[in-house]
Amino acid sequence: MKRIFITGFALLGLMRAHAQEPSADSTAYKAKKLKIEEINLISSYYKQDGNNAAVTGGIGTQELTDISNNLDVKLVKYGETGIKHNFTIEAGIDQYTSASSDMVDLQANSSASSSDIRFYPSLSYSRENEEKGTTLGVGVSSSTEYDYQSFGGNINYAKKTKDRNGEFTAKLQTYLDQVKLITPIELRSANGYGGTEGRNTFAGALGYSQVINQNFQVMVMADIVTQQGYLSLPFHRVYFSDGSVHQEKLPDSRLKIPLGLRASYFLGDNIIIRAYYRYYSDDWKLTSHTADLEVPVKISPFFSISPFYRYYTQTAAKYFDAYKKHDSQDEFYTSNYDLSKFDSSFYGAGFRFNPVNGVFGIKHFNMLEIRYGHYTRSNSLTSDIISINIRCR
């Protein structure tokens, strides 16, 4: 927990230096020079526990902790014709420990993946033409950890309606991954790990947002996601009814279709009601419903609180069964409880401070947000997360 605060406030020196620069009005950003528009640091601490670890066949501890730090820098440049060029440079690093990963070799502190670091940088660019109401953007990303390597790319387009009250958006994404085949020790060959396997994800998303009136806004979203390649996790065990142990085996393709609706209602000047619903279905016969409600309330001109609640429910994938429930007749099998039937609740609150003169009197340190959430799942998994967001502009 202490690491979050130390990491967050270590940037205060940088922010003080930024705050001492000469002030600039909005027209200053419309220069040819590239300017820093916003800096965000988000640090979080996550802890979970449960009794259905997939590494040990759907039984055993799911204890896990994760410390995450993410820094993004947004830059802007205006061209001679008024075109706005946006650049975002982002870098994240997670350090996590997983008790169940220790059991890949069936003994404590034996697995190289029980404690790991994930590094995930990204770079994106967008070009906004305010006169035409269009935005075109591209981005690249990567993610690296001990047993997983991912490279991603995306392209997106947005077009506003003539009255500027509606906007159509479209996005294409791809992720090209390599999974290191870390097999449970009793299933491992004499040569050790079995190389790597590929996993590719392609996604398309369409959305349309509309301002109904000055208080009410809605957005509808539809995605289609297809995955091909090695979709199992190599270190997940599955115990059959005869007591034999096997390596998780799932199909090499999956088609996902999520549909969503988002709405915001401004209840006077101090309260916003934000609601979200998503329906999800895939060809593994898993369906789910998500309902989310958040109500930011402005307590004063510089302080607001945002309580939130999210309810989620899903059916089990057709390839899931519990410990020692699968048999030799099954073509595919998993005891990963993320693919089981369950309901979950996630609730908490966010607290945002944005004083006129800046947080701690630092003019450009204009926002500090602290959020806490508690998660419970009907199959015994529980977790807590606390995060801090520092914004400088």
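A contact means heavy atoms within 4.5 Å. The exercises below use a predicted model.

**Exercise 1. Place S344 and list the residues it touches.**

Step 1. Find the element. S344 sits in strand β17, residues 342-353.

Step 2. Judge the cover. Buried means under 20% relative accessible area. S344 has 5% relative accessibility, so it counts as buried.

Step 3. List the contacts. Leave out residues up to four places away in sequence; S344 then touches R310, Y311, Y312, Y375, T376 and R377.

Step 4. Compare sequence with space. S344 and Q314 are 30 residues apart in sequence. Their C-alpha atoms are 9.0 Å apart in space.

**Exercise 2. Describe the protein as a whole: its elements, its cover and its contacts.**

Step 1. Count the elements. The protein has 2 helices and 19 strands.

Step 2. Look at the cover. Of the 393 residues, 40% are buried.

Step 3. Look at the surface. The protein exposes about 20900 Å², and carbon and sulfur atoms supply 57% of that area.

Step 4. Sort the contacts. Take those between residues at least 6 apart in sequence: 59% of them join residues at least 24 apart.

**Exercise 3. Which parts of the chain does the salt bridge between E38 and K74 tie together?**

Step 1. Check the distance. A salt bridge needs a side-chain nitrogen of Lys or Arg within 4 Å of a carboxyl oxygen of Asp or Glu. For E38 and K74 the N to O distance is 3.7 Å, and their side chains meet in a salt bridge.

Step 2. Place both ends. E38 lies in strand β1 (residues 35-49) and K74 in strand β2 (residues 64-78), so the pair ties together parts that are 36 residues apart in sequence.

Step 3. Judge the cover of each end. E38 is buried, at 9% relative accessibility. K74 is partly exposed, at 30%.

Step 4. Set the pair in context. The count of salt bridges comes to 11.

**Exercise 4. Do the same for E294 with R371, and find the network that holds both residues.**

Step 1. Take the distance. The closest N and O atoms of E294 and R371 are 3.2 Å apart, and the two residues form a salt bridge.

Step 2. Place both ends. E294 is in strand β14 (residues 287-294) and R371 is in strand β18 (residues 365-377), so the pair ties together parts that are 77 residues apart in sequence.

Step 3. Judge the cover. E294 counts as buried at 14% relative accessibility. R371 counts as partly exposed at 23%.

Step 4. Turn to R377, one of the residues that S344 touches. The side chains of R377 and D338 meet in a salt bridge, 3.1 Å from N to O. R377 lies in strand β18 and D338 in the loop between β16 (303-314) and β17, so this pair ties together parts that are 39 residues apart in sequence. R377 is buried, with a relative accessible area of 10%. D338 is partly exposed, with 44%.

Step 5. Join the partners. Salt bridges that share partners link E294, R352, E369 and R371 into one network.

**Exercise 5. Which residues form the nonpolar patch on the surface, and which strands supply at least two of them?**

Step 1. Name the members. They are L136, V138, I155, Y157, F168, L172, L206, Y208, V220, L261 and Y277.

Step 2. Give the area. Together they have about 960 Å² of accessible area.

Step 3. Find the strands. β5 (134-145), β6, β7 and β8 (196-211) each supply at least two residues of the nonpolar patch.

Step 4. Check one member. Y208 is in strand β8. Y208 has a relative accessible area of 32%, so it is partly exposed.

**Exercise 6. Which residues gather in the patch of positive charge?**

Step 1. Name the members. R127, K132, K159, K160, K162 and R164 gather on the surface.

Step 2. Place one of them. R164 lies in the loop between β6 (148-160) and β7 (166-180).

Step 3. Judge its cover. R164 is partly exposed, at 37% relative accessibility.

**Exercise 7. What is the sign of phi in K285 and in K324?**

Step 1. Recall the rule. Most residues other than glycine have a negative phi.

Step 2. Take K285. Its phi is near 70 degrees, a positive value. K285 lies in the loop between β13 (271-282) and β14. K285 is exposed, with a relative accessible area of 54%.

Step 3. Take K324. Its phi is near 60 degrees, again a positive value. K324 lies in the loop between β16 and β17. K324 is partly exposed, at 38% relative accessibility.

Methods
Residues are numbered from 1 along each chain as its sequence is written. This is a predicted model: local features need pLDDT of at least 70, side-chain atom pairs count only at pLDDT 80 or more; totals for chains, interfaces and linings use all residues. Side-chain values use heavy atoms; hydrogens and water are left out. Patches are made of residues with over 30% relative accessible area and no salt bridge: like charges are joined within 9 Å, nonpolar side chains (Val, Leu, Ile, Met, Phe, Trp, Tyr) within 5 Å. Accessible areas come from the Shrake-Rupley method with a 1.4 Å probe; for residues, only the protein chains shown count as cover. Lys and Arg count as positive and Asp and Glu as negative; His and the chain ends are not counted. The place of a charge is taken as NZ of Lys, CZ of Arg, CG of Asp or CD of Glu. Helices (H or I, at least four residues) and strands (E, at least two) are DSSP runs, numbered from the N terminus. Buried means under 20% relative accessible area, exposed over 50%, partly exposed in between (1.4 Å probe, protein chains only).
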